[in-house]
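The exercises below concern a ligand, its surroundings and some backbone features. Work through each task with the structure open, then read the solution.

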Amino acid sequence: MIAKQLISRGIKDDKVLNAFRKVPRHIFVRPEDDEYAYVDGPLPIGYGQTISQPFIVALMTEALEIQKTDRIMEIGTGSGYQTAILAQLAHQVYSVEKVPELAEAAELKLKSLGYDNVFIKVGDGTKGWKQNFPYDAIMVTAASPQIPPSLWEQLASKGRMVIPVGDRFFQNLLQLKKTVQGEKIKKSLGECRFVPLLGEEGWDF
Ligand code: SAH
């Protein structure tokens, strides 16, 4: 997976590649999909949601430019796989998931693998997680019609955000950086397709 799907497509950051070497992806897929855990695509995880394609997880992680001291917020815990990758690289990960069953399953898996720097909350992640802001980096793993203002507000100065923005079917994967003046520097990482971010500052149905 690492050589064929990540390095060959341009993922270069050794820290990111090492995180992929350490996290067992098969733990995060449904038992019946065990043999497909390392294939080049997303997989269903129940409740109409998916675990993202490995390459997309790597691309988004690399674009966050994570430092070991960073506090990260993730919106859309889903399977918890991306959460584990982030937890390998950062000081702390605060992850918000709207489906209680997914949040609970992810939390159990992450605990069983020994991650003690991950905090999961059930709720509408479009509003962020106010108690702990600012965050050095924010990753949104569901498709949004806009950059949710609450998330932008909770991003630290010099912080990075990665978010798919577009319509319900196609999105542009954006890397945003917040300057010290609070301005946005935007870069497109390419087209993508995510499940919708449903919530007050996302899609309302
Ligand atoms: N990174 C995850 C992706 C899961 S798919 C993985 O690879 O497993 C996106 C997730 O976002 C789904 O679990 C969905 O339930 C969740 N989601 C959608 N809208 C949300 C919202 N407003 N707040 C929190 N989570 C949300």
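**Exercise 1. Find which element gives the most to the shell around the ligand, and describe that shell.**

Solution. Step 1: strand S2 contributes the most to the ligand shell, namely three residues. The model is a predicted one.

Step 2: sort the shell residues by class. Ten are nonpolar, twelve are polar and three are charged.

Step 3: pick out the nearest. The ligand has 25 residues around it, and those that come nearest are Ser 79, Glu 97, Asp 124, Gly 125 and Leu 198.

**Exercise 2. List polar contacts of the ligand with Glu 97, Lys 98 and Leu 198, and state how much of the ligand the protein buries.**

Solution. Step 1: use a cut-off of 3.5 Å between N or O atoms.

Step 2: begin with the side chain. An N or O atom in the side chain of Glu 97 lies 2.6 Å from an oxygen atom of the ligand.

Step 3: go on to the backbone. A polar backbone atom of Lys 98 is 3.2 Å from a nitrogen atom of the ligand. For Leu 198, a polar backbone atom is 2.7 Å from a ligand nitrogen atom.

Step 4: turn to area. The ligand taken alone exposes 580 Å², of which the protein buries 99%.

**Exercise 3. In which pocket does the ligand sit, and what lines that pocket?**

Solution. Step 1: the ligand sits in the largest pocket. Strands S2 (49–51) and S4 (92–97) are the elements that give two or more residues to the shell around the ligand.

Step 2: the space in the largest pocket is about 540 Å³. It is lined by 35 residues, and Thr 50, Thr 141, Ala 142, Phe 194 and Val 195 are the closest to its centre.

Step 3: assign the lining to elements. At least two lining residues come from each of S2, helix H3 (54–63), strand S3 (71–75), helix H4 (81–89) and S4. S2 gives the most to this lining, with three residues.

Step 4: by class, the lining has 16 nonpolar, 14 polar and five charged residues.

**Exercise 4. Locate a cis peptide bond and the positive phi values of Tyr 47 and Lys 158.**

Solution. Step 1: the bond from Phe 133 to Pro 134 is cis, and its omega is near 5°. Pro 134 belongs to the loop between strand S5 (118–122) and strand S6 (135–140).

Step 2: Tyr 47, which is not a glycine, has a positive phi near 60°. Tyr 47 is in the loop between strand S1 (43–46) and S2.

Step 3: Lys 158 is not a glycine either, and its phi is positive at about 70°. Lys 158 is placed in strand S7 (residues 155–166).

Methods
Residues are numbered from 1 along each chain as its sequence is written. This is a predicted model: local features need pLDDT of at least 70, side-chain atom pairs count only at pLDDT 80 or more; totals for chains, interfaces and linings use all residues. Side-chain values use heavy atoms; hydrogens and water are left out. A residue is near a molecule or strand if one of its heavy atoms lies within 4 Å of it. A polar contact is a pair of N or O atoms within 3.5 Å; within protein, one must be able to donate a hydrogen and the other to accept it, and residues adjacent in sequence count only if both atoms are side-chain atoms. Accessible areas come from the Shrake-Rupley method with a 1.4 Å probe; for residues, only the protein chains shown count as cover. On a 1 Å grid over the protein atoms alone, a cavity is a set of points where a 1.4 Å probe fits but cannot get out, and a pocket is an open set with protein on both sides within 12 Å along at least five of seven lines; lining residues have an atom within 4 Å of a point. A molecule sits in a cavity or pocket if more than half of its atoms lie within 2 Å of its grid points. Helices (H or I, at least four residues) and strands (E, at least two) are DSSP runs, numbered from the N terminus. Ala, Val, Leu, Ile, Met, Phe, Trp, Tyr, Cys and Pro count as nonpolar, Asp, Glu, Lys and Arg as charged, and the others, Gly among them, as polar. Grid points are joined across faces, edges and corners, and a volume is the space filled by probe spheres set on the points.
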